[in-house]
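Biologist: I'm new to this one. Can you put it up and walk me through it?

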Amino acid sequence: MADVAIPVVKPKLAGYVGFHNLPNQVHRKSVKKGFQFTLMVVGESGLGKSTLVNTLFNTSLYPGKEAKELSGETPKTVEIQTISADIEENGVKLKLTVIDTPGFGDFVNNEDSWRPILENIEARYDAYLEQENRVNRKRIVDTRVHSCLYFIAPTGHSLKPLDIEFMRRLAGRVNLIPVIAKSDTLTEDEIKAFKIRILEDIAFHKIQIYQPPQYENDDPETIQENRDIISRIPFAIVGSDKEVEVNGKKVRGRKYPWGVIEVDNEEHCDFVKLRQMLIRTHMEELKEYTNEVLYESYRMQKLAGVGLDDGSGAGNVNPLAKFEEERIAHEQKMAKMEAEMKAVFQQKVAEKEAKLKQSEEELYARHREMKEQLEKQRLELEEKKKRLESGRPGTPEKTKTKKGGLFNK
Ligand code: GDP
């Protein structure tokens, strides 16, 4: 899969977009830092994805169709292209990243078209998870996809197998927002009937698309606003970055012999409601849902190893089981080391004890020997004494007497 990053562009806004209203969605502290939003667009080529992004942000983020044709490159596989732009409105900064998926649905066999897109979304979750697991988590960069606009071709019939497959695979991983592309090519009645069939298909296949939440304690105005948005899903949109004249006034729209379809007119299409939800009222909510529900569920599944392959060819790996296995192996290794150390210790103690016993015995033997020698010496001395006392003349007593006798004379 080719992941082509296009350098950051600093486009000038051509008019009012409405994201300066973002501060009302979150605390003022975030205003200083600026806002960041990542939007993915998926759909067959030519359905108006680039035009819609340019219309949404009122800027020329994307080169026009002509420029694309001039570049002459038609992707051979589904590519992932990223465009980033720092845009500013009334002092409020928004770092916008748009991820396009050229090549999607454009081949004879589109069976696996969804795969590189899902892989890209999951790789972004992995990158976030990796940053969260770092010791220093101060500078986490959030590159997760906060919304995915899925462009449905304006056939007027029902969803194609490719649409169903893509939405089924991606639901639960990203905020899916289905839109009917180029809805100016359908009549009002056709759009109504098409929307009903799309919603029936979505319900039948139990596909989870993004639904703005309804809170009971919201003020009546917000509740009504949410209801209006929900009633328009899937949004029938018209994109145009060109202005046309209506009653002397310049408006963004598409001109037909029978009249003009105005992009910013709620009676003409659902573009205004889509922009309102994406940029003005639900951007933070989409990011929160991505973080708290979609990313969290991916993280938990990853930890539990459900359906995740570590690429080793061993199939699905359960990290918890792997961890448990490693823990048991480590414990066994430690127990073996402990037993070996105990054996060495006991052997050393036994050796020392034997040495001590030997020294003790040697000591006893020497002691006995010395005692015997002393006894022998004592006996000899006594014998000597006896001999001296009995047999020899001139005992000290006699000498004394003799001496005394001599003196007495
Ligand atoms: P992408 O390949 O999906 O990005 O499609 P583009 O945005 O390049 O649009 C392809 C062609 O469709 C261009 O000629 C656009 O002017 C045209 N187009 C874009 N949006 C609309 C729309 O809402 N209605 C109609 N009728 N044409 C559109």
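Modeller: We'll take the ligand, some backbone oddities and a helix pair in turn. Keep in mind that this is a predicted model.

Biologist: Ligand, then. How many residues surround the ligand?

Modeller: The ligand has 15 residues around it. G48, K49, S50, T51 and K182 are the closest.

Biologist: Which helix gives the most to that shell?

Modeller: Helix 2, residues 49-56. Three residues of the shell come from helix 2.

Biologist: And how do the shell residues divide into nonpolar, polar and charged?

Modeller: Eight are polar, five are charged and two are nonpolar.

Biologist: Back to K182. Where does K182 lie?

Modeller: In a loop. Strand 6 (176-180) comes before K182 and helix 6 (188-204) comes after.

Biologist: What about the phi of K182?

Modeller: Phi is positive there, about 45 degrees, and K182 is not a glycine.

Biologist: Buried or exposed, that K182?

Modeller: K182 is buried, because 20 other C-beta atoms lie within 10 Å. The cut-off for buried is 20 or more.

Biologist: Which other residue has a positive phi without being glycine?

Modeller: N247, with phi near 45 degrees. N247 sits in the loop that joins strand 8 (243-246) to strand 9 (249-256).

Biologist: Is N247 buried or exposed?

Modeller: N247 counts as exposed, because there are 6 C-beta neighbours inside 10 Å. Exposed takes 12 or fewer.

Biologist: New topic. Which peptide bond is cis?

Modeller: The one from I233 to P234. Omega is near -5 degrees.

Biologist: Where is P234 found?

Modeller: P234 is in the loop between helix 7 (220-232) and strand 7 (235-236).

Biologist: Let's do helix 7 and helix 8. At what angle do their axes cross?

Modeller: Roughly 130 degrees, and the axes come within 9 Å. Helix 8 covers residues 271-281. So helix 7 is oblique to helix 8.

Biologist: Left-handed or right-handed crossing?

Modeller: The crossing of helix 7 and helix 8 is left-handed.

Biologist: Which residues meet there?

Modeller: From helix 7, E225, D228, I229 and R232. From helix 8, K273, Q276, M277 and T281.

Biologist: What classes are in that contact?

Modeller: Four charged residues, two polar and two nonpolar make up the contact of helix 7 with helix 8.

Conventions:
Residues are numbered from 1 along each chain as its sequence is written. This is a predicted model: local features need pLDDT of at least 70, side-chain atom pairs count only at pLDDT 80 or more; totals for chains, interfaces and linings use all residues. Helices (H or I, at least four residues) and strands (E, at least two) are DSSP runs, numbered from the N terminus. A residue is near a molecule or strand if its C-beta atom, placed from the backbone, lies within 6 Å of it. Ala, Val, Leu, Ile, Met, Phe, Trp, Tyr, Cys and Pro count as nonpolar, Asp, Glu, Lys and Arg as charged, and the others, Gly among them, as polar. Axes are lines fitted to C-alpha atoms, for helices over the stretch in contact, and angles run from 0 to 180 degrees between N-to-C directions. Angles under 35 degrees count as roughly parallel, over 145 as roughly antiparallel, 65 to 115 as roughly perpendicular and the rest as oblique. A crossing is left-handed if the near helix is turned anticlockwise from the far one by less than a right angle, and right-handed if clockwise. Two residues are in contact if their C-beta atoms, placed from the backbone, lie within 7 Å.
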